[in-house]
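Let's take a walk through this fold together. Have the viewer open and rotate along as you read.

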Amino acid sequence: MKLSIEDLRFFKGNGYLIKRRVLDKVLMAQARERFWDYTPERFSKDKPSSWIGPIRPEEEEEKTATAPNESRGFRLHYRTIGSESWMVRLLAKDPAVWSMAEQMLGAGQLTDPKGIRGIYSTLPYGSHPLPSTTCHTDAHPFHLGIVGYIDDVAPGGGGFTVWPGSHKRFYYAFKSQYRNEPTEEHSVIREYYNGKQPVDCYGEAGDIVFWHHRLAHTGPPNTTRRIRRAVLYEFTKQDIEQAQLKPPQKNMWHDWSSQFS
Ligand SMILES: [Fe+2]
């Protein structure tokens, strides 16, 4: 699977790109099954009414330096599973995913993944009041994000949600190309995009969303009855340590592949 000229043009202009039915079916099924290892006892795999959030106080799990999993509110982040090699193969090292990421960032230039972020899930809100949807940019340095759905995500189902084109403004709202050093403009631009309609990147199991590291995004509330289950990873180039020392460049695609020039 290769990205077309139209795909690259879409990503450059919008800061994200959806590709359909990419991920391996067997590995997705394995991930869906293993997910239940991390859910509270009251969750029954075959009983959707048991999946409604929020997580009860006694079920909460806080992230620590040695235990990275996290359960709170409507989110269950099963991170420890992300270091298993088959999970890396499911997302970052899926041959099609890897070749598309190399097409964007340059062949032979990506950091070899030690793990992926894990399975990130959003529980159904049921009749719970919905919070407003606001955008953010991520704090840690990376080049290209990817969200992969291991289960179907209907519209309003907590799918990765983006503000198209915002990467072109937020890129210049930091003092570094990659570090989280926002300028005073950052909050002004954020407020601007909070007044704009975002795009809900819903999809089916196997669909992926690529996204630019400075794109405004959020994981919105899940208004469906199914748990939003996604696997996440961020691609970095091997030179990110040096690259993050530099300020944003006039050509924001200068260190992407020549297909972006
Ligand atoms: Fe984020």
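**A tour of the fold**

Let's begin at a small spot: Thr161 sits across from Asp200, a residue of strand 7. Keep in mind as you look that this is a predicted model. That pair belongs to the contact between strand 6 (residues 161-162) and strand 7, which run antiparallel and are joined by 2 bridges. Zoom out a little and you'll find an open sheet of 3 strands, ordered 7-6-9, with antiparallel pairing. Its edges are strand 7 (199-200) and strand 9 (217-218); each has a single partner strand, so one side of each has no neighbour in the sheet.

Now pull back to the whole chain. You should be able to pick out 7 helices and 10 strands. The C-alpha trace spans about 55 × 40 × 35 Å along its principal axes. How does the radius of gyration fit with a compact globule of 261 residues? Such a globule would come out near 18 Å, and the protein chain has 18 Å, so the two agree. Of those 261 residues, 36% count as buried. Take the contacts with a separation of 6 or more, and 83% of them come from residues 24 or more positions apart.

Next, the other sheet. Here 7 strands form an open sheet in the order 1-8-5-10-4-3-2, and the pairing is again antiparallel. Strand 1 (16-19) and strand 2 (70-72) are at the edges with a single partner strand each, so each has one side left without a neighbour in the sheet. Ignoring direction, neighbouring strands here are turned by 20 degrees against each other on average.

Strand 10 is a good place to stop and look around. It pairs antiparallel with strand 4 (residues 118-122) over 5 bridges. In that pairing, Thr122 stands opposite Arg228, and Ser121 stands opposite Arg229. On to strand 5: 6 bridges join it to strand 10, once more in the antiparallel sense, and Tyr149 has Ala230 of strand 10 as its bridge partner. Is strand 10 mostly covered or mostly open? Mostly covered, with 7 of its 8 residues buried.

Two helices help you get your bearings around this sheet. Helix 4 (residues 95-105) packs on it, touching strand 5 (144-149), strand 8 (208-212) and strand 10, and the direction of helix 4 makes about 155 degrees with that of strand 5. Helix 2 (residues 25-35) also packs on the sheet, where it touches strand 3 (75-78), strand 4 and strand 10. Its direction makes about 115 degrees with that of strand 10.

Which residues of helix 2 are buried? They are Met28, Ala31 and Phe35. Look down the axis of helix 2 and these buried residues fall within an arc of 60 degrees, so they line one face of the helix. The background is simple: an α-helix has 3.6 residues a turn, so residues three or four places apart point the same way. The buried residues of helix 2 pack against strand 3, helix 3 (85-90), strand 4 and strand 10. Turn to the face pointing away from that buried side and you'll meet the exposed residues Val26 and Glu33.

Helix 6 (residues 185-194) can be read in a similar way. Its buried residues are Ile189, Arg190 and Tyr193. Seen down the axis of helix 6, they fall within an arc of 105 degrees, so they line one face of the helix. Helix 5 (166-170) is included in what covers them. Facing away from the buried side of helix 6 are the exposed residues Ser187, Val188 and Glu191.

Now for the inside. The largest nonpolar core has 55 residues, and those touching the most other members are Tyr16, Ala31, Leu91, Ile146, Val209, Phe210 and Val231. Strand 10 supplies the largest share of this core, with 5 residues. As a general matter, nonpolar side chains tend to be buried together in soluble globular proteins. Try clicking on Val209: leaving out residues up to four places away in sequence, it touches Tyr16, Ile18, Ile146, Val147, Phe160 and Cys201.

Finish your tour at His254, in the segment after helix 7 (240-243). His254 has 13 C-beta neighbours inside 10 Å, so it counts as partly exposed. From its C-alpha atom to that of Thr66, 188 residues apart along the chain, the separation is 38 Å.

Key:
Residues numbered from 1 in each chain as written. Predicted model: local features only at pLDDT ≥ 70, side-chain atom pairs only at ≥ 80, totals over all residues. Core = buried A, V, L, I, M, F, W, Y, C linked by C-beta atoms within 7 Å. Buried ≥ 20, exposed ≤ 12 C-beta atoms within 10 Å, placed from the backbone. Helix = DSSP H or I, 4+ residues; strand = E, 2+ residues; numbered from the N terminus. Contact = placed C-beta atoms within 7 Å. Pairing = 2+ DSSP bridges. Axes fitted to C-alpha atoms, helices over the stretch in contact; angles between N-to-C directions. Arc of directions from axis to C-beta. Rg over C-alpha atoms; globule rule 2.2 N^0.38 Å.
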